[in-house]
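Here are three short exercises to work through with the model open beside you. Try each task before reading its solution.

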Amino acid sequence: VFQFNRYNTYDKIEEYLNSLDGCGSIACSQTITIGETDEKRPIYMVKIWKNGMQLSNRSTILVDGGIHAREWISPAVVLNFINFLKTNTAAMNLVDEFQWFVIPVLNPDGYVYTHTTDRLWRKNRKQSQVNSNCFGTDLNRNFDYKWNPLQSASSDPCSFVYRGPTPFSEKESIALRDAMLQQGQTYTSYISFHSYGQYYLYPWLHSDQLTADWIDLDDCAKAATAAIFGYKRKRYEAGAGGSLLYQASGTSADYAKAIANIKYAYTIELRDKGRKGFVLSYRQIIPTWEENRDGIIALVDCLVQKN
Ligand code: 0X9
Ligand code: ZN
């Protein structure tokens, strides 16, 4: 059975998501399918809105997890977040202010492959047309903004940061793009959960330049990391991705900012700082979730103050 304090298989996650529709004490949800992978798995998005209201065109926050297959803590935290939004009184402000569209696992084929075959797989699983020995595109290099092989990306299908044959060559990145560009939907923020390193990052990721309004994004990232530190003294760092870490081209967050016009675009790197890296123990799921719950609450408070 599905458990919030374990790394669940995709089957169990599907079971949970398909049983979710309806209202909790705080919010209601509806699970929809936003795409299908090459291996024919559905990609799910959970729409969440305040109990007593209706799904509408009001301001929304888009959240995703599992872009990278091996970063298991990301779907785990996102699934805890869905449950929190629906059932916990502490989530009242989050659903008062925004609707939430949440994609728990953008890359299910890769996620399944890390459970069955290779724990450290990162990309999706589509076979390359150019080199049939190699599989997978790095979905976080496949977005059509600054799509190039220059910054921690590669045009070699065998590379773990392969950008794909063309921008949006992959069904998963198309599904996320279409969610971002959905007609009649206004997004205040896009939050993409990855691991590891303990960072709240904002654009640009493709260069060491800053956006014109970076100070607003920095304020809210710092509010989040301060709340996390206040919770149990865990250190997360806030900053622009490309100057704080390394530069990465064709990422979902840069696309959200530059093309989809979502002002508050964040990439969050969850635990840890490298001791276990991607193979973080399941015992760290709840602590990681709880500190980031406080981080997101502070971040959203900051968004509300800014708007
Ligand atoms: O490289 C990535 O795609 C992400 N990091 S991960 O370890 N989860 O793969 C995001 C990088 C964003 N930040 C930088 N610009 N470095
Ligand atoms: Zn990642």
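Helices (H or I, at least four residues) and strands (E, at least two) are DSSP runs, numbered from the N terminus. This is a predicted model, in which local features need pLDDT of at least 70, side-chain atom pairs count only at pLDDT 80 or more, and totals for chains, interfaces and linings use all residues. Residues are numbered from 1 along each chain as its sequence is written, while chains are lettered from A and ligands numbered from 1 in the order in which they are written.

**Exercise 1.** Place S252 in its helix and decide whether S252 is buried or exposed.

Step one: S252 belongs to helix α8, residues 252-258. Step two: a residue is buried if 20 or more other C-beta atoms, placed from the backbone, lie within 10 Å of its own, exposed if 12 or fewer, and partly exposed in between. S252 is buried because it has 28 C-beta neighbours inside 10 Å. Step three: leaving out residues up to four places away in sequence, S252 touches I67, N140, F143, L176 and S192 (C-beta atoms within 7 Å).

**Exercise 2.** Find where E269 lies and which residues it touches.

Begin with strand β9, which holds E269. An unreviewed UniProt entry annotates E269 as "active site"; such annotations may be inferred rather than shown by experiment. E269 counts as buried, because 23 C-beta neighbours fall inside 10 Å. Among its contacts beyond four places in sequence are H194, Y196 and L201.

**Exercise 3.** How many residues surround ligand 1?

The count is 15, with N140, H194, L205, G241 and L245 the closest.

Notes
Near = placed C-beta within 6 Å. Contact = placed C-beta atoms within 7 Å.
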